[in-house]
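User: Hi! Could you walk me through how the labels on this structure were reached, setting each value against its cut-off?

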Amino acid sequence: MTKRIVIAMDGSDNAATALRWGVEEAEVREATAEAVLVWSYLDQHHVDPSAPFDPQYGAEKATATLASWVGSVLGADHGVALRAVCDLPARGV
């Protein structure tokens with residue numbers, strides 16, 4: 001079984017700190033680091049936080065937002081797996 005460190009992302013400074021810690025921990029433990037964004041139709045996350053509600057919002061846009069957040073913290077060549085999940089946070093991670 002492959003070991004992985006799962007890091008929940010929400011675009012906050014605390015999530016960025018958790019991401020950096022999770023990536024370091026994954027290296028120490030020879031595990032895969034995976035950043036997860038949990039979203040729903042009414043709980044949308046956008047690269048631009050002032051973006052209006054988007055009735056066409058879906059996994060592609062959520063993944064793009066997650067990729068933007070991870071890239072802004074770690075740079076473009078981060079090697080972190082990305083997963084966007086449409087669910088409630090307690091069940092999504």
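**Reading the labels**

Analyst: Happy to. The model is predicted. A good start is helix H1: its 16 residues should span 22 Å at 1.5 Å a residue, and the end C-alpha atoms are 23 Å apart, which agrees.

User: Which residues of H1 are buried, and what covers them?

Analyst: The buried residues of H1 are Ala15, Ala16, Leu19, Gly22, Val23, Glu25 and Ala26. Their cover includes E1, E2 and H2. After H1 comes Glu30, which has a positive phi, near 50°.

User: How do you know that the length of H2 fits a helix of 16 residues?

Analyst: At 1.5 Å a residue, a span of 22 Å is expected for H2, and its end C-alpha atoms are 22 Å apart, so the two agree.

User: What makes the buried residues of H2 line one face of the helix?

Analyst: The residues in question are Ala62, Thr65, Leu66, Trp69 and Val70, which are buried in H2. Looking down the axis of H2, these buried residues fall within an arc of 130°, so they line one face. There is a general reason behind such spacing: an α-helix has 3.6 residues a turn, so residues three or four places apart point the same way. What covers the buried residues of H2 includes helix H1 (13-28), E2 and strand E3 (81-86). On the face turned away from the buried side sit the exposed residues Glu60 and Ser72. H2 is followed by Gly75, with a positive phi near 95°.

User: Why is the contact between Glu34 and Arg4 called a salt bridge?

Analyst: The cut-off is a side-chain nitrogen of Lys or Arg within 4 Å of a carboxyl oxygen of Asp or Glu. For Glu34 and Arg4 the N to O distance is 2.5 Å, so the pair meets the rule. Glu34 lies in strand E2 and Arg4 in strand E1 (residues 4-8), so the bridge ties together parts that are 30 residues apart in sequence.

User: How many salt bridges are counted by this rule?

Analyst: The count comes to four. One of them joins Glu34 to Arg83, with the closest N and O atoms 3.0 Å apart. That pair links distant parts of the chain, Glu34 in strand E2 and Arg83 in strand E3, 49 residues apart. Another salt bridge pairs Lys61 with Asp54 at 2.4 Å, N to O.

User: Why is Glu34 called buried, and what is said of Arg83?

Analyst: Buried means under 20% relative accessible area. Glu34 has 10%, so the label buried applies. Arg83, at 24%, counts as partly exposed, because that label covers the range between the buried cut-off and the exposed one, over 50%.

User: How are Lys61 and Asp54 labelled by the cut-offs?

Analyst: Asp54 has a relative accessible area of 16%, so Asp54 is buried. Lys61, at 37%, is partly exposed. As for shared partners, salt bridges join Arg4, Glu34 and Arg83 into one network.

User: What makes Leu42 exposed, and where does Leu42 lie?

Analyst: Exposed means over 50%, and Leu42 is at 73% relative accessibility, so Leu42 counts as exposed. Leu42 lies in the loop between strand E2 (32-39) and helix H2 (59-74).

User: Which residues form the nonpolar patch with Leu42?

Analyst: Tyr41 and Phe53 join Leu42 in that surface patch, with about 370 Å² of accessible area together.

Notes. Residues numbered from 1 in each chain as written. Predicted model: local features only at pLDDT ≥ 70, side-chain atom pairs only at ≥ 80, totals over all residues. Heavy atoms only, no water. Patch = residues over 30% accessible without salt bridge, like charges linked within 9 Å, V, L, I, M, F, W, Y side chains within 5 Å. Areas by Shrake-Rupley, 256 points an atom, 1.4 Å probe, with all protein chains shown as cover. Helix = DSSP H or I, 4+ residues; strand = E, 2+ residues; numbered from the N terminus. Buried < 20%, exposed > 50% of the residue type's maximum accessible area, 1.4 Å probe, protein only. Expected span 1.5 Å × (residues − 1). Arc of directions from axis to C-beta. Contact = heavy atoms within 4.5 Å.
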